[in-house]
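This report describes the fold and selected local features of the chain shown below. Please keep the sequence and the model at hand while reading.

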Amino acid sequence: MGTHGTEWQSVSPLPELGQMVCGTCRTLVFYPRGAPRVRCVSCKTINLVLEDHQIGNVNCANCEVLLMYPYGAPKVKCSCCHSITDVGEHNQRPRLSDQQGPPPHAVI
C-alpha cells in the first residue's frame, strides 16, 4: 500500500511510437514501432509502414518538396503538386557498409 492507503500499481511502459503521413488523406498517424501496417483514423486507409532503411528521398522535380518513396520505385507522385518525379539514380540503396559507417577501432 502506498501513502494514505493508496495502492501503487506498476504501469507497463508505453510502446515506442512511430509516425507517418497517410498516403491518401495526409493525416499524421501514430503507430506502435514494428507494426507492418497502420490504418488511418481519418479515412480508414491501410498504409504500409516502411522502416528508415526501406525508404529513399528525392526532391519533387516541380515544387522541390522532399518526397519519400520505397526503394525500387521508378517514380514518385508528389502529394502537394501531383507531378511525377523520376527517381533514377537516387533509387540506389546505399551499400550495407555505407549504412553501418566505418568499423570501430580495435583497442589493444
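In this predicted model, strand E5 (residues 55-59) and strand E6 run antiparallel and are joined by 5 bridges. Within this pairing, Asn 59 has Leu 66 of E6 as its bridge partner. The two strands form a hairpin, with 6 residues lying between E5 and E6. In the turn, Glu 64 adopts a positive phi of about 70°.

Strand E6 (residues 66-70) shows an alternation of its side chains. Leu 67 and Tyr 69 are directed to one face and are buried. Leu 66, Met 68 and Pro 70 are directed to the other face and are not buried. Leu 66, the bridge partner of Asn 59, thus belongs to the face of E6 that is not buried.

Tyr 69 also takes part in an aromatic pair. The structure holds 1 such pair. Its members are Tyr 69 and Tyr 71, whose rings are 6.3 Å apart centre to centre, with 80° between the planes. The arrangement is edge-to-face, because planes over 60 degrees apart are classed in that way.

On the surface, Leu 17, Val 21, Leu 28 and Phe 30 make a nonpolar patch of about 380 Å². Strand E1 (17-21) and strand E2 (28-32) are the elements that give two or more residues to this patch. One of the patch residues, Leu 28, is found in strand E2.

How do the relative accessible areas of Tyr 69, Tyr 71 and Leu 28 compare with the classes assigned to them? The values are listed in the table.

| Residue | Relative accessible area | Class |
|---|---|---|
| Tyr 69 | 1% | buried |
| Tyr 71 | 23% | partly exposed |
| Leu 28 | 44% | partly exposed |

Tyr 69 counts as buried because its relative accessibility of 1% is under the 20% cut-off. Tyr 71, at 23%, and Leu 28, at 44%, count as partly exposed because their values lie between 20% and 50%. The aromatic pair therefore joins a buried ring-bearing residue, Tyr 69, to a partly exposed one, Tyr 71.

For the chain as a whole, the secondary structure comprises 1 helix and 8 strands. Along the sequence, these elements follow the pattern β-β-β-β-β-β-β-β-α. Of the 108 residues in the chain, 22% are buried. Among contacts with a separation of 6 or more, 11% are between residues 24 or more positions apart. The accessible surface of the chain is about 8,700 Å², and carbon and sulfur atoms account for 55% of that area.

Key: Residues numbered from 1 in each chain as written. Heavy atoms only, no water. Helix = DSSP H or I, 4+ residues; strand = E, 2+ residues; numbered from the N terminus. Buried < 20%, exposed > 50% of the residue type's maximum accessible area, 1.4 Å probe, protein only. Contact = heavy atoms within 4.5 Å. Areas by Shrake-Rupley, 256 points an atom, 1.4 Å probe, with all protein chains shown as cover. Phe/Tyr/Trp six-rings, centres within 6.5 Å; stacked < 30°, edge-to-face > 60°. Patch = residues over 30% accessible without salt bridge, like charges linked within 9 Å, V, L, I, M, F, W, Y side chains within 5 Å. Salt bridge = Lys/Arg side-chain N within 4 Å of Asp/Glu carboxyl O. Pairing = 2+ DSSP bridges.
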